[in-house]
Amino acid sequence: MKVPNHVAIILDGNGRWAKSQGKPRTYGHKVGAENVEKISRAAQAMGIKYLTLYAFSTENWKRPQDEVNTLMKLLSAYLRKCQKDSVENNMRVRIIGDREPLSDDLKKEIHDLEEISKNFDGFHLTIAVNYGGRDEIIRSARKAFDELLSEGKDSSSLTEELLGKHLDTYDLPDPDLMIRTSGEERLSNYLLWQLAYAEFYFTSVPWPIFSNEDLKLAVEEYDRRNRRFGAV
């Protein structure tokens, strides 16, 4: 079976799943956070080299404050636990997105985890936090223009390679497969540049109960598709 090198997942449906269970939305986020480790291990065992997860978008700040607080606490707890997991699993962890609005404690936890895992290469886990695809492209474009100006060049010298060099994912291959859980069929401002040639797979299964078998089904569907680049 042809296994994608890089899989990106939109972790959708935590709140709706919790509500269907008669639980508060925060319960869904807790169970969803626990599922991150399970699916990460399943992806690694399957031979997937890179996994990128959409955990918190730039739009998620608009959610009720108690829900936002819960998401930040869950993220903090996961980052701390991930330090040990990264060592045990030879796993490099990156956090992409705009870190500026995050708390100082969370920024430190991100820095510590990235430092601890920076030389590991068995598996690459990337977590998108306060991330938006449009925001990333704008930030990248500003950096690219600053570089051009510093070299005495104008906008006519801007290339895909230069802009891509300043993306949050500059040192990662583009995803081969994008999975979105819980039935919605849209990108929601996720990896807009990087997903240009990815295969999309949508499932009605909400993220908290998205299983190893569900991941396998997505990869099997990817394997069945005939990817022809440049063909008409």
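## A walk through the sheet and its cores

Start by selecting residues 25-46, which make up helix H2. This is a predicted model, and here H2 lies across four strands: S1 (6-10), S2 (50-57), S3 and S4. Look along H2 and then along S4, and you'll find H2 running at about 140° to that strand.

Next, bring up the whole sheet. It's an open one built from six strands, and you can trace them in the order S3-S4-S2-S1-S5-S6. The pairing is parallel. Strands in a sheet are held in pairs by backbone hydrogen bonds. Now colour residues 91-96 and 199-202: these are S3 and S6, the edge strands, and each of them pairs on one side only. Turn the view a bit and follow the twist, which averages 20° from one strand to the next.

Zoom in on one edge. Select S3 together with S4 (residues 123-131); the two run parallel and are joined by six bridges. Which residue in S4 is the bridge partner of Arg 94? Click on Thr 126, and you have the partner.

Now for the side chains. Select Ile 9, Leu 51, Leu 125 and Ile 179: they have the most contacts inside the largest nonpolar core, which has 39 residues. Add helix H3 (residues 65-88), since H3 gives this core the most, with seven residues.

Stay on Ile 9 and show what surrounds it. Beyond its close neighbours in sequence, Ile 9 is in contact with residues including Ile 39, Leu 51, Tyr 54, Ile 179 and Trp 207.

Last stop: apart from the largest core lies another, of eleven residues. Select Tyr 54, Ile 96, Ala 128 and Ala 198, which are among them.

Technical notes. Residues are numbered from 1 along each chain as its sequence is written. This is a predicted model: local features need pLDDT of at least 70, side-chain atom pairs count only at pLDDT 80 or more; totals for chains, interfaces and linings use all residues. Side-chain values use heavy atoms; hydrogens and water are left out. A nonpolar core is a set of buried Ala, Val, Leu, Ile, Met, Phe, Trp, Tyr and Cys residues joined through side-chain atoms within 4.5 Å. Buried means under 20% relative accessible area, exposed over 50%, partly exposed in between (1.4 Å probe, protein chains only). Contact means heavy atoms within 4.5 Å. Two strands pair if DSSP finds at least two bridges between them. Axes are lines fitted to C-alpha atoms, for helices over the stretch in contact, and angles run from 0 to 180 degrees between N-to-C directions. Lists of a residue's contacts leave out its neighbours within four places in sequence.
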